[in-house]
Amino acid sequence: MTQIEQRFQPNFLLHGADYNYEQWLDYPDILEEDFRLMREANCNVMSVGIFSWAMLEPAEGQYDFEWLDQLMDTLHENGIQAILATPSGAKPAWMSHAYPEIRRVDAQGRREPHFQRHNHCPTSPVYRQKVRQINTHLAKRYRAHPAVLMWHVSNEYNGGGCHCDLCYAAFRAWLRNRYGTLDTLNHAWWTTFWSHRYTDWSQIEPVDGSIQGLMLDWQRFTSDQMLDFFLAEIEPLRAHTPDVPLTTNFMRPDVGLDYWRFAQHIDVVSWDSYPRWHSQPEEWPVAVETAFYHNLHRSYKNQPFLLMESTPSHTNWQGISRPKKPGMHLLSSMQAVAHGADGVQYFQWRQSRGGTEKFHGAVIGHVASRNARVFQDVKSVGAHLAQLSPATSVSQAEVALLYDFQNEWALTLAQLPRNEEKQYQERCIAHYRPFWQMAVPIDLIACSTSNLMPYKLIIAPMLYMLRQDIAARLDTFVRRGGTVVLTYLSGLVDESDLCFIGASSLRPMLGLWVEQTDVLFDHNTQTLELEADNDLGMSGSYPITHFADIVHTDTAIPVARYGHDYYAGQAAVTINRYGAGQCFYVAGRADTRFLHDFYTALSNNLQLARAVSAPLPLGVTAQQRRHGDQTALYLMNFQPSSQTVELDGGIYEDALTGERLRHSVDLEPLGVRIVWQRLQ
Ligand code: GAL
């Protein structure tokens, strides 16, 4: 941990919201009420100034910081800290009109109008200069302000890409740097195909989905270019406020940015989480998905993160978003903390009167304020967080799941025999789900993670692209005693998206080779049939859908065989003992029931530690976290009915009520209990 990362070790958990004070300057009564209610809800932090550029610089070079001074002072007087934003997420209209180059150009070459937000050109020198100026003013003005806790750099960067001349020139420079010569590039992109060979760099335009190397590099470039913009954006912040940590709010991993790379340059990871609660017949699959994303954000830096945004009620940009039912707000907020969040924040403190988000949920609504259930729910979260301080580090898991953005991009671009439902992200979540159900902690790791040795088990679903030396690192990991699980559609292409010729570098570790991948229509039947007396003690038959690799074993031993079609009897799941370890290959897309049974057997074999050793009821999970020198057990029930969790031996104490507990804990419908584990 760097010094500045260490500085962000608040001895309290953060609780707050995006606060759009500048929208209410003409409503002094409302502003007064805001601070009263913030105190009542135990809020200790507010994210401010996120979309305030037009208020801070109403005309070019004319600044107005008075309202922000007032806000910062009032926050401080009320004992609330500020996560102070830089305003680059939305540009003022005067700027878009004076400098059209700052607006993005789409793939058809049309420059966008001034509209929406999060849509500036990441290359434009003018925009970079304007951002530098406003950020310098902010940094100099507030560097010593006692309310400043952290920088909130911009808002939700994305890798959408801009097709202007400046971006194309930057892309070509990026390509020259990567490939050196056009010959190398032509080979890497296999451009002899369809006569696509380039003879001049200026011919390269990232609009051709038939050259997948090109489009993959374009995605990499747009991610890198946004990171480059971010690095330029934070220069004045680092120069004038070297001691102030900074964050930028990430999103779910499908916005075209390689967050593993981004995370190296920020001090604190934060993210905006908007699960679709109440959208499915059962709640807990949504909880699994959300837990996966929380773990991902904890894993980017292997440190606590912040839940920067969540709705206290509903959103208004999803097709249908129901207000959170009683219990859900506390449960979902504590879920984030259980998975490593050191704070819970909302979008938004107060509902806007106008604009596109006026019907988005907020802590304070248009009509009801403190008497509303939403406010009471928020208060309850505040009370819990206050009891749980101080927060502390995250602990090392024994299981890791490899999640690689570039693999996902390449897989999405690839034209396969089956293009429907490739579902990289969904399948990673499906492999994660059994661990959530068993309460076995799990980290996510990057393709570049150099030290795999702390883990007992590494799972890498659909590792289509082998980047860097990942194959060699997994090989070493297994030979030294680790267990690896790989699946169908693995090890097909190199970093340039060129297919491997001949034996895959995974072959010795897998102990098999893949001849072909069968793909299935929905009406096709395929199964995997467990071998008698297999190492995992599993039996029976499970369905296979979508993808089925047809494999030939060298040293691998079949654990299950296919049940249908011309490859019936060939291996469908294998184990290869390799060095001191073992490697499993799940050759077909098996369902969640199989993954559950498979990982349950494997975690018993590997004796993986669980937060609670008794089996948990379906839809209930447990996470452990250290708080100071105490260990807390977070017990979460995502079922609409009461559930009971059997505790391991020892004494437990409810963190909120102090009630002593032994043997078992009852959880209300959508209930959460946090208990301190006391030694006997
Ligand atoms: C986030 C964004 C916020 C707000 C929120 C609404 O993605 O950062 O500014 O728009 O969504 O849910």
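These legends walk through six close-ups of a predicted model.

**View 1. The ligand and the residues around it.**
Which residues surround the ligand? They are Phe51, Arg117, Asn155, Glu156, Asp272, Tyr274, Glu309, Trp317, Phe347, Glu357 and His360. Three of the side chains here put an N or O atom within polar-contact range of a ligand oxygen: Arg117 at 2.8 Å, Trp317 at 2.7 Å and His360 at 2.6 Å. How much of the ligand's accessible area does the protein cover? Taken on its own, the ligand has 310 Å² of accessible area, and the protein covers 95% of that.

**View 2. The largest nonpolar core, and another one apart from it.**
The largest nonpolar core takes in 185 residues. If you want its best-connected members, look for Tyr19, Met46, Trp349, Phe435, Leu528, Phe594 and Phe598, which touch the most other members. Helix H11, running over residues 284-301, gives the most to this core, with nine residues. Zoom in on Phe594 and, once neighbours within four places in sequence are set aside, you find it in contact with Leu528, Met538, Tyr542, Val573 and Val586. Another core lies apart from this one; it has 18 residues, including Trp174, Tyr179, Ile211 and Met215.

**View 3. Helix H12, wrapped up by the rest of the structure.**
Helix H12 covers residues 328-338, and eleven of its eleven residues are buried, so the rest of the structure largely encloses it. Reading along the helix, the buried residues are Met328, His329, Leu330, Leu331, Ser332, Ser333, Met334, Gln335, Ala336, Val337 and Ala338. Just past the end of H12 comes Gly340, with a positive phi of about 120°.

**View 4. Asn637 and its surroundings.**
Asn637 belongs to strand E22, residues 630-637, and is buried, with a relative accessible area of 0%. Its side chain reaches two backbone atoms: the nitrogen of Gln639 at 2.9 Å, and the oxygen of Glu668, also listed at 2.9 Å. What else does Asn637 contact, leaving aside neighbours within four places in sequence? The set is Leu331, Gly619, Val620, Ser642, Gln643, Leu667, Glu668, Pro669, Leu670 and Gly671. One of these, Leu331, is a buried residue of H12. Met328, another residue of that helix, is 309 residues from Asn637 in sequence, yet their C-alpha atoms are 9.9 Å apart in space.

**View 5. Asp443, a buried acid with polar partners.**
Is Asp443 buried or exposed? Asp443, in strand E11 (residues 442-445), is buried, with a relative accessible area of 2%. The Asp443 side chain makes polar contacts with the side chains of Tyr455, at 2.7 Å, and Gln396, at 3.5 Å. Not counting residues up to four places away in sequence, Asp443 touches Arg298, Ser299, Gln396, Ala397, Val399, Ala400, Leu401 and Tyr455.

**View 6. Cysteines without a disulfide.**
The disulfide count for this model is zero. Cys499 is in no disulfide, and the nearest cysteine sulfur, in Cys447, is 17 Å away. Cys499 counts as exposed, at 55% relative accessibility. Why is Cys583 not bonded to Cys447? The sulfur of Cys447 is the closest cysteine sulfur to that of Cys583, but at 16 Å it is too far for a bond, because a disulfide needs the two sulfur atoms within 2.5 Å. Cys583 is buried, with a relative accessible area of 0%.

Notes: Residues numbered from 1 in each chain as written. Predicted model: local features only at pLDDT ≥ 70, side-chain atom pairs only at ≥ 80, totals over all residues. Heavy atoms only, no water. Core = buried A, V, L, I, M, F, W, Y, C linked by side-chain atoms within 4.5 Å. Buried < 20%, exposed > 50% of the residue type's maximum accessible area, 1.4 Å probe, protein only. Helix = DSSP H or I, 4+ residues; strand = E, 2+ residues; numbered from the N terminus. Contact = heavy atoms within 4.5 Å. Near = heavy atom within 4 Å. Polar contact = N/O pair within 3.5 Å; in protein donor to acceptor, adjacent residues only side chain to side chain. Areas by Shrake-Rupley, 256 points an atom, 1.4 Å probe, with all protein chains shown as cover.
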